[in-house]
Amino acid sequence: MAKVAIVSGGSGGIGRASALLLAREAWKVYEFSRSGLSGEGIVHLAADVSDRASVEKAVGEVIKAEGHIDLLVNNAGMGVSGPAEFTSDEDVRRIMDVNFIGQLNCARAVLPQMRAQKSGRIVALSSVAAPIAIPYQAFYSASKAAVSSLALALRNEVRDFGIEVAVVMPGDASTGFTDARKKCPGGEIYPKAEAAVGAMERDERSGMSPEQVARVVYKAATDKNPKPLYTAGFKYKFFVMLFKLLPARAAYRIVGKMYS
């Protein structure tokens, strides 16, 4: 019997690469997004992760078709950049709804089935921007820090049901996410913002391929004893380790120099 995976935000980028890798490894893959297409061994189901009812309906379709769910790759996300002071309430709510509430909605929808079958795994896509708060990306960092906290708390809550949870933190990756990022006003007040965001986007465009990150997602999904945290990219593993070791004042001075 084929293992069944759900990948949210699987219409492009890291989500699509992860879905394709799982399909090549003989998983039955269902992709949740608002505008994806079925193909290449992946079944698309329309779902808006920020809408709990929409997610529950799509999960119900998977359960009806397959009878079990072995894996949720909680990937769907969006970006907002610019000075925190000038980011609109609407944009703050939207990024939290998609990046954080979206992962919560997907987890809540699959957990009853996973509890009933006494097995399953959830892999949450966070970011290196979670442990290392990035200026002019304050709400992206905040949303991904919330994702990590949710997943790591959930890891212990659901352990007794045979369910495993792991977090993957990618560094800069070259995907369509960069061009889709919403940019907020305030550059005339914060003149460093434009250069900082530009530097960040250059790093992304020259960053890891989505396939590189997908291999880390697959490892988190299939390791016999999954670690709580996986960092994608060797230099980002170094950055995360260094950030833990340095005094906070020194660490954030370095971050400030990187984005100024």
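Let's start with contacts. Take pairs of residues in the protein chain that touch and sit at least 6 apart in sequence. Of those contacts, 71% join residues at least 24 apart. Keep that in mind as we go. One caution before we continue: this is a predicted model.

Now the overall picture. The protein chain has nine helices and nine strands. Its C-alpha trace spans about 55 × 35 × 30 Å along the principal axes. How does the radius of gyration of the protein chain agree with that of a compact globule? For 260 residues, a compact globule would have a value near 18 Å. The protein chain has 18 Å, so the two agree.

Next, the surface. Of the 260 residues, 51% count as buried. The accessible surface comes to about 12400 Å². Carbon and sulfur atoms hold 55% of that surface. Then the charges. There are 33 positive and 26 negative ones, and their mean positions are 7 Å apart.

Let's zoom in. First stop, Asp 70. Where does Asp 70 lie? Look at the loop between helix H2, residues 52-66, and strand E4, residues 71-74. Is Asp 70 buried or exposed? Its relative accessible area is 18%, and buried means under 20%, so Asp 70 is buried. Its side chain has a partner too. A polar contact of 3.0 Å joins it to the side chain of His 68.

What else does Asp 70 touch, leaving aside neighbours within four places in sequence? Start with Ala 2, Lys 3 and Val 4. Add Trp 27 and Met 114. Then come Gln 117, Gly 120 and Arg 121. One distance for the road: Asp 70 and Glu 157 are 87 residues apart in sequence. In space, their C-alpha atoms are 18 Å apart.

Hold on to Arg 121, since it leads to our second stop, Asp 223. Not counting residues up to four places away in sequence, Asp 223 touches Arg 121 and Tyr 230. So Arg 121 is in contact with Asp 70, and Arg 121 is touched by Asp 223 as well. Asp 223 is in the loop between helix H7, residues 210-222, and strand E9, residues 229-232. At 17% relative accessible area, Asp 223 is buried. Its side chain makes a polar contact of 2.8 Å with the side chain of Tyr 230.

Third stop, Gln 113. This residue is found in helix H3. Its relative accessible area is 16%, so Gln 113 is buried. Which side chain does Gln 113 meet in a polar contact of 3.0 Å? That of Gln 117. Setting aside neighbours within four places, Gln 113 is in contact with Ile 63, Gly 67, His 68 and Ile 69. You have met His 68 already: its side chain is in polar contact with that of Asp 70.

Last, two residues with a positive phi that are not glycine. Ala 26 has phi near 75 degrees. Ala 26 lies in the loop between helix H1, residues 13-24, and strand E2, residues 28-33. Its relative accessibility is 56%, so Ala 26 counts as exposed. Lys 118 has phi near 60 degrees. Find Lys 118 in the loop between helix H3, residues 89-117, and strand E6, residues 120-125. Lys 118 is exposed, at 62% relative accessible area.

That's the tour. Over to you.

Key
Residues are numbered from 1 along each chain as its sequence is written. This is a predicted model: local features need pLDDT of at least 70, side-chain atom pairs count only at pLDDT 80 or more; totals for chains, interfaces and linings use all residues. Side-chain values use heavy atoms; hydrogens and water are left out. Helices (H or I, at least four residues) and strands (E, at least two) are DSSP runs, numbered from the N terminus. The radius of gyration is taken over C-alpha atoms; the globule rule is 2.2 Å times the number of residues to the power 0.38. Buried means under 20% relative accessible area, exposed over 50%, partly exposed in between (1.4 Å probe, protein chains only). Contact means heavy atoms within 4.5 Å. Accessible areas come from the Shrake-Rupley method with a 1.4 Å probe; for residues, only the protein chains shown count as cover. Lys and Arg count as positive and Asp and Glu as negative; His and the chain ends are not counted. The place of a charge is taken as NZ of Lys, CZ of Arg, CG of Asp or CD of Glu. A polar contact is a pair of N or O atoms within 3.5 Å; within protein, one must be able to donate a hydrogen and the other to accept it, and residues adjacent in sequence count only if both atoms are side-chain atoms.
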